[in-house]
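Let's take a friendly walk through a protein model together. Have the sequence and the 3D view ready, and look up each residue as we come to it.

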Amino acid sequence: MIEKHIVLDDVDLLTFYGVNNIHLQMLKALYPKLRIVARGNIIKVLGDEVEMCAFEENVERMRQHCIQYNSLNEEAILSIVKGETPNGGGHGDASAIVYSVTGKPIGARSDNQRLLVEAYEQNDMIFTVGPAGSGKTYVSIALAVRALKNKEIRKIILSRPAVEAGEKLGFLPGDMKEKIDPYLQPLYDALQDMIPAQKLTEYMEQNVIQIAPLAFMRGRTLNDAVVILDEAQNTTTQQMKMFLTRMGQNTKMIITGDMTQIDLPRAVRSGLKEALIVLKDVKGISFVEMSEKDIVRHKLVTRIVNAYDDYDRRRKEAEPTLF
C-alpha cells in the first residue's frame, strides 16, 4: 500500500470533477482497489501500486483532455480508462484553434481568417483590418488562448483605447476599473467563450490574463506574451508608436481595427492608418485585410455593412466637387 498526491494544474475543477462530483464518483467505481479523496486541486490516492500507476496516467490524460477541449464526460472517461482515444462532440477537429467552454471547436471560418492564423504562425507582429463581425478580435484571442494552454507564453495582454477617457469617463460612477470595463467588455465576452469562468477568474487574479486600456501600457516591456490591441483605428500616432515599442522577447503582437469606425476628432490622424503606411515594408510584420465576405455574425450584419457602404458611396458621388 502506498500513498500519492496528484496535483491538477491548469484545469477547471468543476469540469474535471463534474457536477456534484459525478466524474470523481465514476473514477472511484472504476478503481475499487484505490481509496481516492479530492481536496481542491489535489487528489490523494491510497492503495495498490500497480493500479495507482494506471490511475495516475489516466488522470493526467483526463487533465489534458479538459485543458484542450474545455469539457469532460462519462464517455470520454471510459475511453481513457480503456486506453482508447476519446472522440465525439467535435473533438479532434484539425481546423480548431481552441475549443469553447461547451466543447465546440473554434477555428478560422473564412479564407482571410485562415490567412490570419497563418500570419500568426509566421510572424511576430500582425496587423489585421476589416469590418465589424469579420472575426479579427475573436480569432486573435483564440490564438492567444491556444498559446497560453500550450505554455508557449506566460500571459495574455488585451488592450483597447478608451477614446472618451479624457472627458466622459470622469462622470461615470465607480472606481477606474468600473469606468473602463464597458470599453473592454467585448474582450471579456470572447474570453468567456473560451475559458471556463472559474479558471478565467483565477487567470485574471494572477495577472496571467490582463485587460487594460491602452494608456496603461506606457513604460512597460512585454515579454513572453501575446499582446492584442483591439479597435486600433482609434489610437493616435503617439499611442500606436508607444504600444508597438512595448514588444519584448518571445512576444507576439496582433493589432486589429476597422478603418470605417474611426471615432477620433477630425483633426487627429489615426495611428493605425499611419502605421499601415509606415510599416508596410518592415520585415517580420504581416498585414491581413478582412472584407464583408469574412463576416461570421448574423447574416444581417453583412447586409447592414453593405448598405452603409452603398449609402456612403452615393453621398460622396452627390456632393459637388470644389475647385
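Start with a hairpin: strand β4 (residues 96-99) and strand β5 (residues 105-107) run antiparallel and are joined by 3 bridges. Strands here are DSSP runs of E with at least two residues, helices are runs of H or I with at least four residues, and both are numbered from the N terminus. Two strands pair if DSSP finds at least two bridges between them. Valine 98 has isoleucine 106 in β5 as its bridge partner. The hairpin has 5 residues between its strands, and glycine 103 takes a positive phi near 90° there.

A word on what you are looking at: this is a predicted model, in which local features need pLDDT of at least 70, side-chain atom pairs count only at pLDDT 80 or more, and totals for chains, interfaces and linings use all residues. Residues are numbered from 1 along each chain as its sequence is written, and side-chain values use heavy atoms, leaving out hydrogens and water.

Now zoom out. The chain contains 11 helices and 11 strands. Of its 323 residues, 46% count as buried; buried means under 20% relative accessible area, exposed over 50%, and partly exposed in between, using a 1.4 Å probe and protein chains only.

Next comes an open sheet of 3 strands, ordered β1-β3-β2 with antiparallel pairing. Why do β1 (2-7) and β2 (34-39) each have a side without a neighbour in the sheet? Both stand at the edges with a single partner strand each, so one side of each is left free of a neighbour in the sheet. From one strand to the next, the twist averages 15°. Strand β3 (residues 42-47) pairs with β2 over 6 bridges in the antiparallel sense, and arginine 39 stands opposite isoleucine 42 in β3. Helix α3 (residues 49-69) lies across β1, β2 and β3, running at about 5° to β1. Such angles run from 0 to 180 degrees between N-to-C directions, with axes fitted to C-alpha atoms, for helices over the stretch in contact.

Two other helices meet as well. The axes of α2 (residues 22-30) and α4 (residues 74-81) come within 11 Å and cross at roughly 30°. That makes α2 roughly parallel to α4, a label for angles under 35 degrees. In this contact (heavy atoms within 4.5 Å), Ile22, His23, Met26, Leu27 and Leu30 of α2 meet Glu74, Ile77, Leu78 and Val81 of α4.

Finally, visit some loops. Threonine 221 sits between β8 (209-213) and β9 (225-229), and it counts as exposed because its relative accessibility is 58%. Leaving aside residues up to four places away in sequence, threonine 221 touches Arg246 and Gly248. Threonine 221 and phenylalanine 243 are 22 residues apart in sequence, and their C-alpha atoms are 9.8 Å apart in space.

Most residues other than glycine have a negative phi. The table shows two residues with a positive phi.

| Residue | Phi | Loop | Relative accessible area |
|---|---|---|---|
| Glutamate 231 | about 55° | between β9 and α9 (237-244) | 23%, partly exposed |
| Asparagine 250 | near 50° | between α9 and β10 (251-257) | 46%, partly exposed |

Methods. Angles under 35 degrees count as roughly parallel, over 145 as roughly antiparallel, 65 to 115 as roughly perpendicular and the rest as oblique.
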